[in-house]
Amino acid sequence: MNTRAHTVRSSVAVSGTALLLAAAGLGLAPAASAAEPQPPVLAVDTAAPAEVGLAGLPVDFTTKVSNTGKTDTSSARLTYRIDGGAGLPPNAVGLEYRLDGTEWKKVPLTYAGGTFSGEMPETFPLAAGRDRTVRLRIGVPMGTPHNGDGNGGTERLKLTTLVSYGASGAATDTDDDTIEVDGLGTALSGVPATATAGGPAVGFQATVANPTASGYENVTDTLITSKYASVQVLRSGTWETLTPVTSDAEADVYGFDVIGKDASLAARSSTVVKVRVGYREDTPAGKTTLRSCVFVNQGSVPFRGTTFCGNEATLTVLAAGSAGGTPTPAPTAPATRTPSATPAPSASPSASPSASTEAPSATSGTTSGTSGASSRLAETGSNGTSTIAAVAGAFVLAGAGALGFVALRRRRTRA
């Protein structure tokens, strides 16, 4: 047997088989490639609200998801990140969605390092070339009804929307938006420069303004003054005497709820109340102050909740029987908004209230406005810290003792 010839024939046979297999492989490759599905191409566009109100109700917005690819997806997913900075407490932000029907459902949020994040619990199918709009609403409730947080705040939120599909959740597109955060304003206008102990009450106006896109519930506007004062408000044409509200923390400081307790304010609205204040005949002569503070979600303990305070107004109480005791109206200051203050130890009886250099101080006969919500608000709410020392200022008459406070920096004045 010719061994060499047999070897040659075997080699040719093997080579021929390899060529056939290679040719078959080349013929199959395009078919296999054409059968591979292309992934969905999802894009996202969130129309976030321009602003929300601190401690207010949520504001509606939408997220639109588009499938610009050629492949359907059975499970489009939406994830949200909300960065408000380190000044917000863990229960400050809320996010809800409505995919079908009329029921609002919560997006569970986790909090870490000043950022809230969460995925919408429901996914939805999206065919190639189609889009779907999801309704949502976002708010900065600062706690829960009648248990409002007062320690914390922010000027704005950065909202990031991420869209993905399938089980992996890898984002295919993102959208970034900025939401401004503002708060309620409170002001006293037309406060007279003088009042007489035991004489007629002096009149002025108290205003609570909501410049934000959020509605508000559980709003209590409190006029804070001294134990020597009595306060009336005009309701339905009749002057109604208010019952003072006090706190065990500062027995000499009295508050009067001038618009009632747990009022509501619509978005971009305000309410004005006519007020008059009288001073007992035994009131020490000298300067005294009035200050208006708004508490949102105040609970059973007075002066706790998310707090916004206007600047103080100062008037001089003349001794009982003094001549020239006719009230002199003071000029009205422009409306601004100032946050409530961080609690500080009471000053000595002769001390004047202290304030930061950024917080304007009232002068005799001036009235107050409000300034925008600060990145920090008063330490009130569920942590149990008293607000009285923080926001009262010198509400006890000069010569009878004064309470100190430290006002936090003002944010901005709305044009």
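How many disulfides does a search of the whole structure find? In this predicted model, the search of the whole structure finds one disulfide. The bond is formed by C293 and C309, with their sulfur atoms 2.0 Å apart. The pair links distant parts of the chain, with C293 in strand 25 (residues 286-296) and C309 in strand 26 (residues 306-309), 16 residues apart. The torsion about the S-S bond of C293 and C309 is about 110 degrees, so the disulfide is right-handed. C293 counts as buried because its relative accessible area is 0%. C309 is likewise buried, with a relative accessibility of 0%.

A wider view of the fold helps to place this bond. The secondary structure of the protein consists of two helices and 28 strands. The protein has 415 residues, of which 47% count as buried. When contacts between residues at least 6 apart in sequence are considered, 79% of them join residues at least 24 apart. A112 offers one case of separation in sequence set beside distance in space: A112 and A86 are 26 residues apart in sequence, and their C-alpha atoms are 9.2 Å apart. A112 belongs to strand 7 (residues 110-112), and this residue is exposed, at a relative accessible area of 55%.

The pairing of the strands can be followed in some detail. Five strands make up an open sheet with antiparallel pairing, in the order 1-3-10-5-6. Strand 1 (42-47) and strand 6 (105-106) stand at the edges, and each has a single partner strand, so one side of each is left without a neighbour in the sheet. For strand 1, pairing with strand 3 (residues 59-67) is antiparallel and extends over six bridges. Within this pairing, V44 stands opposite V65 of strand 3.

Further along the chain, strand 22 (residues 250-257) is joined to strand 18 by five bridges, and the two run antiparallel. S226 has V253 of strand 22 as its bridge partner. Strand 22 is also joined to strand 21 (residues 245-247), here by two bridges and again in the antiparallel sense. On that side, V245 stands opposite G255 in strand 22. The connection between strand 21 and strand 22 is a hairpin that passes through two residues.

Attention turns next to open space in the model. Rolling a probe the size of a water molecule over the atoms shows where empty space is left. The largest pocket has a volume of about 550 Å³. Its lining is made up of 23 residues, and the closest to the centre of the pocket are P58, G94, K106, P141 and G143. Two or more lining residues come from each of strand 5 (94-98), strand 10 (131-139), strand 11 (143-144) and strand 18 (216-226). Which element gives the largest share of the lining? That share comes from strand 5, with three residues. By residue class, the lining of the largest pocket divides into eleven nonpolar, eight polar and four charged residues. Two of the elements named for the lining, strand 5 and strand 10, also appear in the open sheet of five strands, while strand 18, another contributor to the lining, is joined to strand 22.

The loop before strand 18 deserves a look of its own. S214 lies in this loop, between strand 17 (202-210) and strand 18. Is S214 buried or exposed? S214 counts as buried because its relative accessibility is 0%, below the 20% cut-off for that class. Leaving aside residues up to four places away in sequence, S214 touches V52, G53, G56, L57, V59, A266 and A267. Among these contacts, V59 falls in strand 3, which spans residues 59-67.

Finally, the backbone torsions hold two cases of interest. Most residues other than glycine have a negative phi. N218 is not a glycine, yet its phi is positive, at about 55 degrees. This residue lies in strand 18 and counts as buried, at 14% relative accessibility. S236 also has a positive phi, near 55 degrees, and is a residue other than glycine. The place of S236 is the loop between strand 19 (229-235) and strand 20 (238-241). At 81% relative accessibility, S236 counts as exposed, whereas N218 counts as buried.

Methods. Residues numbered from 1 in each chain as written. Predicted model: local features only at pLDDT ≥ 70, side-chain atom pairs only at ≥ 80, totals over all residues. Heavy atoms only, no water. 1 Å grid on protein atoms, 1.4 Å probe; cavity = no way out; pocket = protein on both sides within 12 Å on 5 of 7 lines; lining within 4 Å. Points joined across faces, edges and corners; volume = space filled by probe spheres on them. Helix = DSSP H or I, 4+ residues; strand = E, 2+ residues; numbered from the N terminus. Nonpolar A, V, L, I, M, F, W, Y, C, P; charged D, E, K, R; others polar. Buried < 20%, exposed > 50% of the residue type's maximum accessible area, 1.4 Å probe, protein only. Contact = heavy atoms within 4.5 Å. Pairing = 2+ DSSP bridges. Disulfide = S-S within 2.5 Å.
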